[in-house]
Every structure is written in C-alpha cells, then in structure tokens.
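This report asks for the structure to be read alongside the text, beginning with the annotated positions and moving on to the domains, the pockets and a few single residues.

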Amino acid sequence: MTSKNLSRFGVSMEESLLERFDQLIEEKGYKTRSEAVRDLVREKLVQQKWEQDDQEVAGCLLLFYDHHQRHLMGELTTIQHDYHDAILATTHFHLDHHNCLEMIVVRGNAQEIRTLRDKLLSLKGVKYGELSVSPVSEP
Ligand code: NI
C-alpha cells in the first residue's frame with residue numbers, strides 16, 4: 001500500500017466478536033484485518049448513500065417472519081398494496097411450519113423504498129429483514 005493519505009486508528013471489540021470477524025476474514029480471503037475493515041466501511045457508506053439519496057433505485061427486500069403472528073399477513077399485504085407502484089414482484093417461500101421468507105423486488109425513489117422497508121420491518125412478527133439496492137442509472 002503506497003497511499004500517502006492512509007490513517008490508522010485503534011478498534012476495541014469483544015474477543016468473541018473479533019474471533020468471528022477473523023473467521024469471516026479467512027473465509028472471504030482477506031490478507032489483513034485492515035483490508036476487511038476498509039471493504040466493510042466502503043460497502044456500508046455506499047449502501048447508506050443509495051438509501052439516503054433522492055434517486056431511483058432497484059433491488060431486493062428480504063423479510064423473514066412467523067406467519068402465525070396475529071394480523072401480520074394482513075398488514076404485510078396492506079402495506080404492499082399501498083406501495084404497489086414500487087413493487088415489481090413478491091415471492092413467498094414457506095421455510096417450515098412457522099417461518100416464511102419473502103423476497104420483494106422493488107424499484108422506485110430511494111426515500112420511498114426506505115420508508116417501505118421501515119414499515120415492513122417494524123411489523124410485529126418480522127424477525128429479520130434486509131434491503132439491498134443499487135441506483136438504476138449511473139450518475
Ligand atoms: Ni409461508
């Protein structure tokens with residue numbers, strides 16, 4: 001690395017977390033922790049920029065939930081109908097007796113997509129969710 005503008009900083013974390021991080025580093029093939037941290041930071045910043053900018057994005061929203069949760073199925077459907085313009089497709093997978101995985105393909109204004117994500121993720125019974133988007137057209 002020959003960059004003149006390289007800064008160093010110390011990071012403190014629990015040993016168990018560091019162990020898992022080192023495991024990830026090995027799995028992903030990074031040579032150093034620094035390299036891995038840089039990539040994670042870049043990834044996070046890019047994702048945050050796309051989510052905040054007022055531009056058209058497209059991507060996928062994953063939802064994991066327990067369909068036995070009272071009212072959840074109805075609420076999920078109502079919200080998705082409210083955002084029908086931004087939803088290209090929804091695919092539902094029954095993972096087991098309780099758990100469902102829903103893959104929602106979205107396209108629309110970044111702010112609108114972010115609001116949709118927040119509404120769906122905050123529903124009681126939704127255990128985990130993740131939005132991954134990219135700008136539709138390069139600036
Ligand atoms: Ni299901």
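## Annotated binding site

In this predicted model, the UniProt record, an unreviewed entry, places the feature "binding site" at His 81, His 92, His 94 and Cys 100. Of these positions, His 81 belongs to helix H3, which runs over residues 72–82, and His 94 belongs to strand S2, which runs over residues 87–94.

Are His 81 and His 94 buried or exposed? His 81 has a relative accessible area of 55% and is therefore exposed, the cut-off for that class being over 50%. His 94 has a relative accessible area of 64%, so it is exposed as well. The side chain of His 94 also makes a polar contact, at 3.1 Å, with the side chain of His 92, and both of these residues appear in the "binding site" feature of the UniProt record.

## Annotated domains

Two domain annotations come from UniProt, each from an unreviewed entry: "domain: Ribbon-helix-helix protein CopG" is given for residues 8–47, and "domain: Transcription factor NikR nickel binding C-terminal" is given for residues 58–133.

The secondary structure of each range can be set beside its annotation. Over residues 8–47 the chain is 72% helix and 0% strand, with 24 Å between the end C-alpha atoms. Over residues 58–133 the chain is 30% helix and 47% strand, and here the end C-alpha atoms are 5 Å apart.

## The largest pocket

The largest pocket holds about 580 Å³ of space. Its lining consists of 14 residues, and those that lie nearest the centre of the pocket are Phe 9, Val 11, Arg 33, Ser 34 and Val 37. The elements that give two or more residues to this lining are helix H1 (15–28) and helix H2 (33–52), and the largest share, five residues, comes from H2. Sorted by class, the lining of the largest pocket has eight nonpolar, three polar and three charged residues.

Val 11, one of the residues nearest the centre of the largest pocket, is placed in the segment before H1. With a relative accessibility of 55%, Val 11 lies over the 50% cut-off and so counts as exposed.

## The second largest pocket

The second largest pocket holds about 210 Å³ of space. Its lining is made up of Leu 40, Glu 43, Lys 44, Gln 47, Gln 48, Glu 51, Arg 117, Glu 130, Leu 131 and Ser 132. H2 and strand S4 (126–135) each supply at least two residues of this lining, and H2 gives the most, with six residues. By class, the lining of the second largest pocket has two nonpolar, three polar and five charged residues.

Why can the second largest pocket be said to lie between two domains? Domain 1 (14–52) and domain 2 (56–135) both give residues to its lining, so the pocket lies between them. For a sense of distance, Glu 130, which is one of the lining residues of this pocket, is separated from Val 11 by 119 residues in sequence and by 26 Å in space, C-alpha to C-alpha.

## Single residues and separations

Which backbone feature is noted for His 71? Most residues other than glycine have a negative phi. His 71, although it is not a glycine, has a positive phi of about 70°. This residue is placed in the loop between strand S1 (56–66) and H3, and its relative accessible area of 55% is over 50%, so His 71 is exposed.

Gln 55 lies in the loop between H2 and S1 and, at 21% relative accessibility, counts as partly exposed. Although Gln 55 and Val 136 are 81 residues apart along the chain, their C-alpha atoms are separated by 8.4 Å. Leu 62, which is found in strand S1, counts as partly exposed at 30% relative accessibility. The C-alpha atoms of Leu 62 and Arg 8 are 36 Å apart in space, while the two residues are 54 residues apart in sequence.

How values were computed. Residues numbered from 1 in each chain as written. Predicted model: local features only at pLDDT ≥ 70, side-chain atom pairs only at ≥ 80, totals over all residues. Heavy atoms only, no water. 1 Å grid on protein atoms, 1.4 Å probe; cavity = no way out; pocket = protein on both sides within 12 Å on 5 of 7 lines; lining within 4 Å. Points joined across faces, edges and corners; volume = space filled by probe spheres on them. Helix = DSSP H or I, 4+ residues; strand = E, 2+ residues; numbered from the N terminus. Nonpolar A, V, L, I, M, F, W, Y, C, P; charged D, E, K, R; others polar. Domains from an automatic or database assignment. UniProt positions renumbered as here; feature names shortened; annotations may be inferred. Buried < 20%, exposed > 50% of the residue type's maximum accessible area, 1.4 Å probe, protein only. Polar contact = N/O pair within 3.5 Å; in protein donor to acceptor, adjacent residues only side chain to side chain.
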